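Okay, thanks for coming, everyone. I'd like to walk you through one model today, so let me put it on the screen.

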Amino acid sequence: MKEVIQSTDPNHPANLIPSLCKHFYTLGWVTGTGGGISIRHNEHVYLAPSGVQKEQIRSSDIFVLDWSSQNYIYSPPSLKPSACTPLFLTAYRLRDANCCIHTHSQWAVLVTLICEASNLTKFTIREIEQIKGISHGGIGGAEIKEGGRKSGNLSYFDTLSVPIIENTAREEDLTDAMEKAMREDTDACAVLVRRHGVYVWGKTVEQAKTQAESLDYLFELAVRMRQLGVGWT
């Protein structure tokens, strides 16, 4: 089944994942083999491998899972599937997403620490323009409304809320907590993991990437606002 990772199309998941991983590495999101990305394409789920320098991933390193059977139809020799796999699949199952990005962004980690100091289990922020880059549930509609705003996206006066779950020693052990958080907050587009990072999903790769970038901007802004003594909610 090696043909599932062979394509000359740069937007094919087997080519897009290595390209995005290189980009995310330059942002400091996937340092030291951490983080990952998955794309669901038709009946296949494409996954970056575990324990590999993300900026060096090749198409031949990508794992491919059959969505229906949940069995791997392509496994690169000598590599291990991503430990994030059950969390990616949770986003696909609960939100019908088609892309999920996991970063180890320092800004994501810092906001969880600031929230921890105030006994907060959610990161919330409002009246910041970049909130408009976030969609309801992470999969809101992309139809452009009057004024240029996408129909399914938050507005300037909406409150963005991202649940925070506690970290575990093993990545896969986060699955139940992530599912619980997603079920309790159906409007959430992401889940923060305290002292760890963030999982962000979208209906498309473009939407997931846009939301990951928007959230990272908001996390950094919130940290800098706190440094200046300015509240972010």
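**Helix, sheet and three histidines**

Let's start with helix α4, whose buried residues pack against α2 (85-95), β7 (159-165), β8 (190-193) and β9 (197-202). Before I go on, keep in mind that this is a predicted model.

So which residues of α4, which runs over 175-184, are the buried ones? They're T175, M178, E179, A181 and M182. Look down the axis and you'll see that they cover an arc of only 165°, so they sit on the same side of α4. Flip to the other side of α4 and you find D176, K180, R183 and E184, which are exposed.

One of the buried residues may catch your eye, and that's E179 in helix α4. Why do I call E179 buried? Because its relative accessible area is 18%, and the cut-off for buried is under 20%. What does the E179 side chain do in there? It makes a polar contact with the side chain of R93, at 3.0 Å. Not counting residues up to four places away in sequence, E179 touches T90, R93 and L94.

Now zoom out to the sheet. We have 9 strands in an open sheet, and the order is β4-β3-β2-β1-β5-β9-β8-β7-β6, with mixed pairing. At the edges are β4 (72-74) and β6 (122-126), each of which pairs on one side only. On average, neighbouring strands of this sheet are turned by 20° against each other, if you ignore direction.

Back to α4 for a second: this helix packs on the sheet, touching β7, β8 and β9, and its direction makes about 155° with that of β7. Helix α5, residues 205-227, packs on the sheet as well. The strands α5 touches are β1 (36-41), β5, β6, β7, β8 and β9, and its direction makes about 145° with that of β9.

Let me stay on β5, residues 99-103. As a reminder, in a regular strand the side chains alternate between the two faces of the sheet. For β5, both faces are covered: C99, I101 and T103 are buried on one side, and C100 and H102 are buried on the other. That's 5 of the 5 residues of β5, so the strand is largely enclosed by the rest of the structure.

What are the pairings on either side of β5? With β9, β5 pairs in the antiparallel sense over 5 bridges. The bridge partner of C99 in β9 is G202, while T103 is matched with V198 in β9. With β1, β5 is again antiparallel, over 4 bridges, and here G36 stands opposite H102.

That brings us to the histidines. According to the UniProt annotation, from an unreviewed entry, there's a "binding site" covering H102, H104 and H196. Those three are spread over 95 residues of sequence, yet they cluster in space, with a largest C-alpha distance of 10.1 Å.

Is H102 buried or exposed? Buried, because its relative accessible area is 0%. Leaving out neighbours within four places in sequence, H102 is in contact with V30, G35, G36, C84, F88, E171, H196, V198 and Y199. So you can see another annotated histidine, H196, among the contacts of H102.

H104 sits in the loop between β5 and α3 (106-117). This histidine is partly exposed, because its relative accessible area is 29%. Again leaving out neighbours within four places in sequence, H104 contacts G28, W29, G34, G35, H196 and G197. And how do the side chains of H102 and H104 meet? They're joined by a polar contact of 3.3 Å.

Last stop is S105, also placed in the loop between β5 and α3. Unlike the partly exposed H104, S105 is buried, with a relative accessible area of 1%. With neighbours within four places in sequence left aside, S105 is in contact with G28, W29 and D216. If you want a long-range pair for orientation, take S105 and L192: they're 87 residues apart in sequence and 11 Å apart in space, C-alpha to C-alpha.

Okay, that's my tour. Who wants to rotate the model?

Terms used. Residues are numbered from 1 along each chain as its sequence is written. This is a predicted model: local features need pLDDT of at least 70, side-chain atom pairs count only at pLDDT 80 or more; totals for chains, interfaces and linings use all residues. Side-chain values use heavy atoms; hydrogens and water are left out. UniProt positions are given in the numbering used here, feature names are shortened, and annotations may be inferred rather than shown by experiment. Helices (H or I, at least four residues) and strands (E, at least two) are DSSP runs, numbered from the N terminus. Buried means under 20% relative accessible area, exposed over 50%, partly exposed in between (1.4 Å probe, protein chains only). Contact means heavy atoms within 4.5 Å. A polar contact is a pair of N or O atoms within 3.5 Å; within protein, one must be able to donate a hydrogen and the other to accept it, and residues adjacent in sequence count only if both atoms are side-chain atoms. The arc is that of the directions from the helix axis to the C-beta atoms. Two strands pair if DSSP finds at least two bridges between them. Axes are lines fitted to C-alpha atoms, for helices over the stretch in contact, and angles run from 0 to 180 degrees between N-to-C directions.
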